[in-house]
Amino acid sequence: MLWITCPTCGERPVSEFRFGGELPRVPERITDRGERNLDWVWMQDNVDGVTTERWFHAAGCRRWLTLRRNTTTDRVVAG
Amino acid sequence: MNEFVETLLDLTWHEPKKSYDVVIIGGGGHGLATAWNLATRHGMTNVAVLEANYIGSGNTGRNTTIIRANYGIAESVRFYQRSLELYRALEDETGCSIMHSTKGLLWLAHTESGMRAERARALMNQACGAETVMITPSEAQELCPQLDLSGGGRYPVLGASYHAGGATARHDRVVWAYAQGAMQLGVHVIPHMPVTGLLRDGSRVVGVQTAGGPISAGTVLSAVGGRVTTVAAMADLRLPIRTHPLQALVTNAYAQGFGPIVASSELLCYVSQTGRGQMLMGAEFDSQPSYSMASSYEFLQTVSTKVTHILPFLRNLRILRQWAGICDISPDYSPIMGFTGIDGLLITTGWGTWGFKAIPAGGEAMAELIATSKVPPLIAAFGLERFAADHAMADQGSAGTR
């Protein structure tokens, strides 16, 4: 199971957290403003590897945190 | 697919040619059903289905095999009702037994708001041609004597919607039926052939790069499960898909018959009995996206707690096996089918936790799209362009239980 280190509460199980989505990152090659908006709202990198995302400690301190996680293994990575 | 199974089927394996009219990436249910429909309905047999592993090794072989049409929005109900009807006819059409069994599906409600949701579902279903009616707790008990109407004291059954058309089928056999039917008509199904890139001519997609060399194609269809984002990225196509694991489990055999499929929106779980008598159950997908197929003990805890509230007899069974699949979840819990905005590349994705039941209708519609270059009305609402047009098809009847 995934364990997440919360800056306030320390290492806690994933069931206490709510997934808040990956940080939206619109590719540079998309230049049209409408296209960029569309991408920002809907599209996902959905990488098979290391991703940066937001989590909400719903059953803890109720603060948001930013996390780097490897989606291939479903484990938190340092940094 | 093992040697024993292959002896039961009439399969002709081919070496890949240099060029096809249509190349389908992904040898799961949707890819093979599309190939089968192209061959049988449209006379197109210069088709290849490329599968990275063995056929049916992805989500088609990992789901809980439930077929139903009791969705929440009109477009979905019509689409899945078509699929349900095609499943009924599939054994006759392909001449293969898929162990199809119409069982009826009970969708339990435990609160007043749950009852409202089920009433809305039943009305929407009736309006769109799916058989769903509201029933009382005692009628539910008659259909499923094992049900604890008090819900363990915490989840009392106030009523249920009953979807008489709810069915199950053996998922591997569905794959084999389509593969065999397509191969007999000359379609090349090529397992263990991962696609590593897409061939481009300007912006147009003109073929695929595979582990065995390039293959050119008039049309490329991605019928890939969980890893669809990777395939789309080969054409610089961005998708609104998140890949979440979904887990399931079976118990040892339950000696008595368990007639219907039982589900609960509020408990977020579903239970049915397999042909071998095992009790098969699942719950919602994991909250965080991941490509890991690791099973978790937490899933066993969660799902056991949920299902034993309504079906206490499950306490006496033992968990035999658990597994996971990775699902391509769309933001509105509806599939994404059709054109991609890139010439030569079509897509059928976003099948999340509702892909198995959609195989026949999805294959039929995608084959029609490839053969005629026109989007069939049945899937017109499910195009990728709906996100730009702000026409998301949010469906609360999707996601298994959500």
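Tutor: Two residues are in contact if their C-beta atoms, placed from the backbone, lie within 7 Å. Keep that cut-off in mind; this is a predicted model.

Student: What makes residues of domain 1 and domain 2 of chain B count as in contact, and how many do?

Tutor: The cut-off is C-beta atoms within 7 Å. Five residues of domain 1 of chain B are in contact with seven residues of domain 2 of chain B. On the domain 1 side, four are polar, one is charged and none is nonpolar.

Student: Where do the two domains run, and how far apart are their centres?

Tutor: In chain B, domain 1 covers 3–62 + 171–240 + 331–386, and domain 2 covers 105–164 + 242–326. Their C-alpha centres lie 31 Å apart.

Student: Why is the largest nonpolar core said to lie between the domains?

Tutor: Domain 1 and domain 2 of chain B both give residues to this core, so it lies between them. The core has 126 residues, and B:Val23 and B:Ile25 touch the most other members. Helix α6(B) gives the most to this core: eight residues.

Student: Which residues does B:Val23 touch?

Tutor: Leave out residues up to four places away in sequence. B:Val23 then touches B:Ala48, B:Leu50, B:Gly207, B:Val208, B:Ile215, B:Ala217 and B:Val220.

Student: How do you know that the length of helix α3 of chain B fits a helix?

Tutor: Set the expected span against the model. Helix α3(B), residues 74–94, has 21 residues, and at 1.5 Å a residue it should span 30 Å. Its end C-alpha atoms are 29 Å apart, which agrees.

Student: Where does α3(B) bend?

Tutor: At B:Arg88, by about 40°. Just after the helix, B:Gly95 takes a positive phi of about 70°.

Student: What makes a residue of α3(B) buried, and which ones are?

Tutor: A residue is buried if 20 or more other C-beta atoms lie within 10 Å of its own. In α3(B), residues that meet this include B:Phe79, B:Tyr80, B:Arg82, B:Leu84 and B:Tyr87. The buried residues of α3(B) pack against β3, α4, β8, α6 and α9 of chain B.

Student: How many residues of chain A and chain B are in contact?

Tutor: 16 residues of chain A are in contact with 21 residues of chain B. Helix α1 of chain A, residues 33–42, gives the largest share of the chain A side, with three residues. That side divides into seven nonpolar, six polar and three charged residues.

Technical notes: Residues numbered from 1 in each chain as written. Chains lettered and ligands numbered in written order. Predicted model: local features only at pLDDT ≥ 70, side-chain atom pairs only at ≥ 80, totals over all residues. Domains from an automatic or database assignment. Nonpolar A, V, L, I, M, F, W, Y, C, P; charged D, E, K, R; others polar. Helix = DSSP H or I, 4+ residues; strand = E, 2+ residues; numbered from the N terminus. Expected span 1.5 Å × (residues − 1). Bend = angle between axes of the 7 residues up to and from the residue. Buried ≥ 20, exposed ≤ 12 C-beta atoms within 10 Å, placed from the backbone. Core = buried A, V, L, I, M, F, W, Y, C linked by C-beta atoms within 7 Å.
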